[in-house]
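Visitor: I am new to this structure. Please pick one part and take me through it closely.

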Amino acid sequence: MTRPAGVARALPPPRADLGLREGYHSAQVPVEVRLNTNESPYPPPPEWLEALLAEARDIAFNRYPDRSATDLREALGRLHGVPAQQVFVANGSNEVLQCLCLAYGGPGRKAAMFEPTYALHAHIAHLTGTEIAAGRRRPDFSLDAAAAVGLVEEQRPSIVFLCSPNNPTGLAEDAATVSSVVAATDGLVVVDEAYGQFASWSALALVAEDVPLVVVRTYSKTWSMAGLRLGYLIGPSEVVTALERVALPYHLDSLKQAAGRLALQFSDQMERRVAAVLGERERLVAALSAMPVKVWPSQANFVLWRPLERVGQEVWQGLVARSVLVRDTSSWPGLEGCLRTTVGTPDENDRFLSALAEVLA
Ligand code: PMP
C-alpha cells in the first residue's frame, strides 16, 4: 500500500494539563499473594455463574442493551428500599464518580475532598476540569467536622467527596460529621461507600429526595466481582436524571446488567464472605499490633500500617521478594512510610504475616 505524501508528521499533543497528574495504578507484579487492590479474595458463588450462563443464551446480542437498565435498577432499588428512579448504574463506581464530576463539576466549579483519601476523587475531578479544594484529615486520619464545614463554607464546592470507610486509611465517617457537611454545603455530598458493607454505619439511611446527598457503592469488593466492572449510586431521582444525561448511550452492556441483577439473589453468600473477611481483618490487626509496626483501626477490607523501625519502601520490597504484594502508599502525601494490606484468605494472610516477620527480623 502506498501512503499519500505529507501524512507522516508529529502527532498533535494531548491536553497539556494531563501530564500534571499521574494515573492511579497499583504495580501489577507477578506474585503468589496479591493483597494490593482491595479485591475480595473469594471468587463469586458458582451458582451465580451457572445462572448467568443460562441467561446469556437468551440475550439478543445483535440488539443494544436496555438503555435504562430497568431490571437491574429495580433489583438494586429493592435491595436498598428505594424506587429504581433513585438508582444509577455504571461501569464500576469509578464511572459513577466520573459521571458525578461531569454533571456537577466542570470548569468554574469545585470539588472538595479531605486528604489523604481515595486518589481518584482528585484525579477524576482534575480530568473533568473541576477545581480541587483539598482539606486535610487530622494526624490520626479522622475528619474534624468543624474544619470540614469551614472548608465547605469558604470554598463553596459543587461536590463534596467523603469516603466512608476512607481508602487508604480505613476509618468510617460518623453520622454527625456527614450530616453537618450536608447542612453546610450548597453542593452535592458524595459518600463513596466502596467498602460500605464492611463498616458498622452507612450513609444510606440519610438518602432522601430532598437531601443533597448520594451514596456510591460497587460490586468490586463485597460482591467479589471486580472483574465485572459494575458500580451504582443511590440518591435523589433528580441527581439520577442528571447523571443519565452525561453517561454515554447504552454504556452498560446486556451481559453486565444480567450479571449484576442475578448477583443480588446470592446476598447470603455475599454476607458470609464479608463475615469471613471481617474475622480475618481482626486477626491481621491483632497480629500486626504484636509487631514493631503502627496499625490503624479499620472498618474496611484492608489495613493501613507503618513499620516503626524500617523504611516503608524497603519493607514493601522485602515482601515482594517473598512473593507477597501489598500497596506501597509510603510516598503518598500524609502517608509517609505507610503500607496497606488487603485482607486475603486465611492462607494468604498467614503468608503475609510470616513474610513480614522475616522482613522485620
Ligand atoms: N471508591 C473507592 C474508595 C475505592 O477504593 C475504589 C476501588 N479502588 C473505587 C471507588 C472504585 O471501585 P470500582 O470502580 O471497582 O467500583
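Visitor: Leaving aside its neighbours within four places in sequence, which residues is T222 in contact with?

Guide: T222 is in contact with Q197, F198, M270 and V274, once its neighbours within four places in sequence are set aside. Contact means heavy atoms within 4.5 Å. The model is predicted, so local features need pLDDT of at least 70 and side-chain atom pairs pLDDT 80 or more, while totals for chains, interfaces and linings use all residues. Residues are numbered from 1 along each chain as its sequence is written, and side-chain values use heavy atoms, without hydrogens or water.

Start with the place of T222. It sits in the loop between strand 7 (213–218) and strand 8 (231–234). Strands (E, at least two residues) and helices (H or I, at least four) are DSSP runs, numbered from the N terminus. T222 has 2% relative accessibility, so it counts as buried. Buried is under 20% relative accessible area, exposed is over 50%, and partly exposed lies in between (1.4 Å probe, protein chains only). One partner of T222 returns here: the side chains of T222 and Q197 are joined by a polar contact of 3.0 Å. That term covers a pair of N or O atoms within 3.5 Å; within protein, one must be able to donate a hydrogen and the other to accept it, and residues adjacent in sequence count only if both atoms are side-chain atoms.

Now follow the strands on both sides of that loop. Strand 7 and strand 8 belong to an open sheet of seven strands. Its order is 2-8-7-6-5-3-4, and the pairing is mixed. Two strands pair if DSSP finds at least two bridges between them. At the edges stand strand 2 (87–90) and strand 4 (131–136). Each has a single partner strand, so one side of each is left without a neighbour in the sheet. Neighbouring strands are turned by 25 degrees against each other on average, direction ignored. Axes are lines fitted to C-alpha atoms, for helices over the stretch in contact; angles run from 0 to 180 degrees between N-to-C directions.

Take strand 8 next. Strand 8 runs antiparallel to strand 2, and four bridges join the two. Here V87 stands opposite I234 of strand 8.

Two helices pack on this sheet. Helix 6 (residues 175–184) touches strand 5, strand 6 (188–192) and strand 7. The direction of helix 6 makes about 155 degrees with that of strand 6. Helix 7 (residues 237–246) touches strand 2, strand 6, strand 7 and strand 8. The direction of helix 7 makes about 30 degrees with that of strand 2.

Strand 5 (residues 159–163) holds another residue to look at, C163. C163 counts as buried because its relative accessibility is 1%. Leaving aside neighbours within four places in sequence, C163 is in contact with T117, Y118, H121, L171, E173 and D192. From C163 to R281 there are 118 residues in sequence and 19 Å in space, C-alpha to C-alpha.

There is also an open sheet of five strands. Its order is 1-11-12-10-9, again with mixed pairing. Strand 1 (33–35) and strand 9 (293–295) are its edge strands, and each pairs on one side only. The average turn between neighbouring strands of this sheet is 35 degrees, direction ignored. Helix 11 packs on the sheet and touches strand 1, strand 9, strand 10, strand 11 and strand 12. The direction of helix 11 makes about 90 degrees with that of strand 1.

Look at strand 12 (residues 339–342) in this sheet. L339 and T341 point one way, R340 and T342 the other, and all are buried. Strand 10 (residues 302–307) pairs with strand 12 in the antiparallel sense over four bridges. There, L304 stands opposite R340. Strand 11 (residues 324–328) is also antiparallel to strand 12, over two bridges. In that pair, L339 is the bridge partner of D328.

End with helix 10 (residues 312–321). Helix 10 packs with helix 11 (residues 346–360) at an angle of about 125 degrees, their axes 9 Å apart. V315, G318 and L319 of helix 10 meet F352, A355, L356, V359 and L360 of helix 11. The buried residues of helix 10 are G312, V315, W316, G318, L319 and V320. They pack against strand 10, strand 11, strand 12 and helix 11. After helix 10 comes S323, with a positive phi near 65 degrees.
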